[in-house]
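Reader: I have a model on the screen and would like to know how its labels are justified. Please take me through the reasoning.

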2 protein chains.
Amino acid sequence: MQVLREHILLNCLRDVLESQHVSIQFRENTGCMIPIQVSLLPSLSTLVDSGQITENNSGDVMPVAVMIDILRASTTIVHALANGASAILPCSSVEQAHELAHEPASSQNAPKRLLGGERHCQKIEGFDLDNSPFSYTPELVQDREIIFTTTNGTIALEHCRSASMILVGAFVNLSSLIDALVECGRPVHLMCAGTDRQLTAEDILFAGAVCDRLLSRPASEFEIADVQSQLALDFYRTRGLKRPDFEKTMLESLGAANLLRLGLEADVQRAMQVDLFKLVPVWNPATNRIAALP
Amino acid sequence: MQVLREHILLNCLRDVLESQHVSIQFRENTGCMIPIQVSLLPSLSTLVDSGQITENNSGDVMPVAVMIDILRASTTIVHALANGASAILPCSSVEQAHELAHEPASSQNAPKRLLGGERHCQKIEGFDLDNSPFSYTPELVQDREIIFTTTNGTIALEHCRSASMILVGAFVNLSSLIDALVECGRPVHLMCAGTDRQLTAEDILFAGAVCDRLLSRPASEFEIADVQSQLALDFYRTRGLKRPDFEKTMLESLGAANLLRLGLEADVQRAMQVDLFKLVPVWNPATNRIAALP
């Protein structure tokens with residue numbers, strides 16, 4: 001990882017020089033590659049849970065993690081922030097959500113927090129909002145904090161805790177996420193949430209799409225670095241590159257099956273829209289708030 | 001699964017008619033497909049552990065399972081049986097192996113059982129044989145029972161216990177395995193052992209190769225039935241179809257890395273040989289013996 005530290009120093013140097021209007025081109029010549037890893041499920045993660053750090057004890061640069069729960073937590077979080085929610089407060093249990101709802105808000109004049117999320121794909125009793133991206137309208141969420149708990153997404157977030165930065169990715173913000181990862185220049189760890197501890201196609205398809213986009217950039221410095229990222233990439237290139245294949249894979253996924261059974265095909269269709277929004281949610285585990293990356 | 005039961009009845013009928021020298025052709029017209037599933041790791045298995053049964057409570061036909069630990073348990077088991085060992089007795093711990101070694105042999109005149117296997121890729125203290133396919137020579141193993149324990153392979157076998165039949169697959173017996181699976185006509189479950197609970201390319205490559213072979217048969221009745229089999233198939237077709245890609249993927253795998261560090265490249269090269277032997281090991285959990293399928 002020594003070369004990576006060098007790479008980051010070089011990037012800092014470039015930023016300083018560029019701020020002085022000195023344009024330089026040395027990135028292509030450093031020969032150091034930025035690794036991308038994938039966890040097909042949180043339980044398959046190789047990210048060590050040791051608190052949020054930028055370097056581990058060996059001096060390795062800690063990666064930026066991306067939480068991926070396409071159906072529907074990732075997609076819905078992007079919608080909520082795009083429609084004006086001031087923050088999402090993720091929590092792992094319904095009890096914790098209710099406790100948080102009774103805590104004083106972050107500022108005295110802040111409006112009452114909303115409770116959102118799902119269990120078994122359905123709205124939780126006593127909650128204001130379910131987990132559909134369509135529920136998080138500007139009328140309801142503008143300037144509101146949303147306490148949010150979902151079956152798979154919040155577990156996946158927890159598994160990202162030790163990363164140096166934790167982003168939320170979905171097809172609806174794919175290009176903005178790619179820009180953020182390139183800008184960041186750190187190793188990338190793509191954390192698929194899965195569905196009830198099982199691998200699910202829609203999350204893996206997205207992880208593969210991110211790998212494909214990062215690798216396909218001109219003079220890309222990224223490289224896939226483990227068998228899980230190879231699996232996701234091959235899966236995406238086989239079953240996701242062409243739009244009809246992509247839609248078939250999404251609609252036949254385990255996550256979609258659960259939603260289609262409940263008549264929620266519109267949610268699946270919405271999650272399949274690419275680049276609806278230009279924002280990247282970022283989770284700060286210290287404050288437990290997800291907000292849009294500045 | 002109703003159609004599958006019908007399929008098996010039709011196959012029985014065909015066998016009876018064919019034994020009467022009546023040739024019929026109805027397999028292509030039944031329209032029922034035989035599902036293939038893959039577990040990329042034992043912990044990701046969807047096979048229920050409920051004892052060896054041919055039908056579960058729902059009347060579903062239980063699959064034939066294939067234990068896959070290419071580097072090296074599967075490969076070595078095939079070598080041992082091909083070189084004349086009368087049976088392999090798998091066990092999960094070194095202690096259990098020593099206990100078994102002190103039990104009376106299956107027949108009075110049977111020669112002393114051999115102890116084989118590895119921990120951390122190396123021979124276990126007090127054992128006769130390590131886990132290299134080259135160690136199981138005819139001179140050493142002919143007519144001998146071999147008590148066998150390896151880090152990953154024996155765990156994977158345990159996870160196959162509820163299947164209706166449990167085979168052992170490796171590149172060295174690939175075509176014979178395919179013939180056995182086709183002959184069997186049951187759903188197929190491919191159980192990858194992995195390396196120290198991590199996904200490893202060589203096992204997934206083999207699972208993908210089995211999927212590819214079964215799907216590519218003329219008028220194949222097989223179909224891949226879950227996201228793990230899709231992942232394995234796409235991985236194999238991307239990184240295993242052409243021989244140079246195949247060798248690169250094998251040599252860069254996690255399993256190979258562990259062996260190369262110990263100077264055991266010859267073992268990896270041997271595991272990459274296709275169809276060295278025409279036999280399929282089958283494990284009977286009731287007697288805990290692995291022998292060649294008759």
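Reader: What covers the buried residues of α3(B)?

Author: This is a predicted model. In it, the cover over the buried residues of α3(B) includes three strands of chain B: β3 (87-90), β4 (114-117) and β5 (145-149).

Reader: Which residues of helix α3 of chain B are called buried, and what puts them on the same side?

Author: In this helix, residues 94-102, they are V94(B), A97(B) and L100(B). Buried requires under 20% relative accessible area, and these three are classed as buried. Their arc around the axis is only 120 degrees, so they lie on the same side of α3(B). As a rule, an α-helix has 3.6 residues a turn, so residues three or four places apart point the same way.

Reader: What does the face of α3(B) turned away from the buried side carry?

Author: That face carries E95(B), E99(B) and H102(B), which are exposed; the cut-off for exposed is over 50%.

Reader: What makes the relation of the two chains that of a two-fold axis?

Author: A turn of 180 degrees with a shift of 0.0 Å along the axis lays chain B on chain A, with an RMSD of 0.0 Å. That is how a two-fold axis relates copies. Both copies use the same surface, as 100% of the contact residues of chain B recur in chain A.

Reader: Where in chain A is the pLDDT under 50?

Author: Residues 1-7 of chain A stay under 50, with 14 contacts beyond four places in sequence. Residues 22-30 of chain A are also below 50, with 12 contacts beyond near neighbours in sequence. For chain A the mean pLDDT is 88, and 84% of the residues reach 70 or more.

How values were computed:
Residues numbered from 1 in each chain as written. Chains lettered and ligands numbered in written order. Predicted model: local features only at pLDDT ≥ 70, side-chain atom pairs only at ≥ 80, totals over all residues. Heavy atoms only, no water. Buried < 20%, exposed > 50% of the residue type's maximum accessible area, 1.4 Å probe, protein only. Helix = DSSP H or I, 4+ residues; strand = E, 2+ residues; numbered from the N terminus. Arc of directions from axis to C-beta. Contact = heavy atoms within 4.5 Å. pLDDT = per-residue confidence, 0-100. Least-squares fit on C-alpha atoms with pLDDT ≥ 70 in both.
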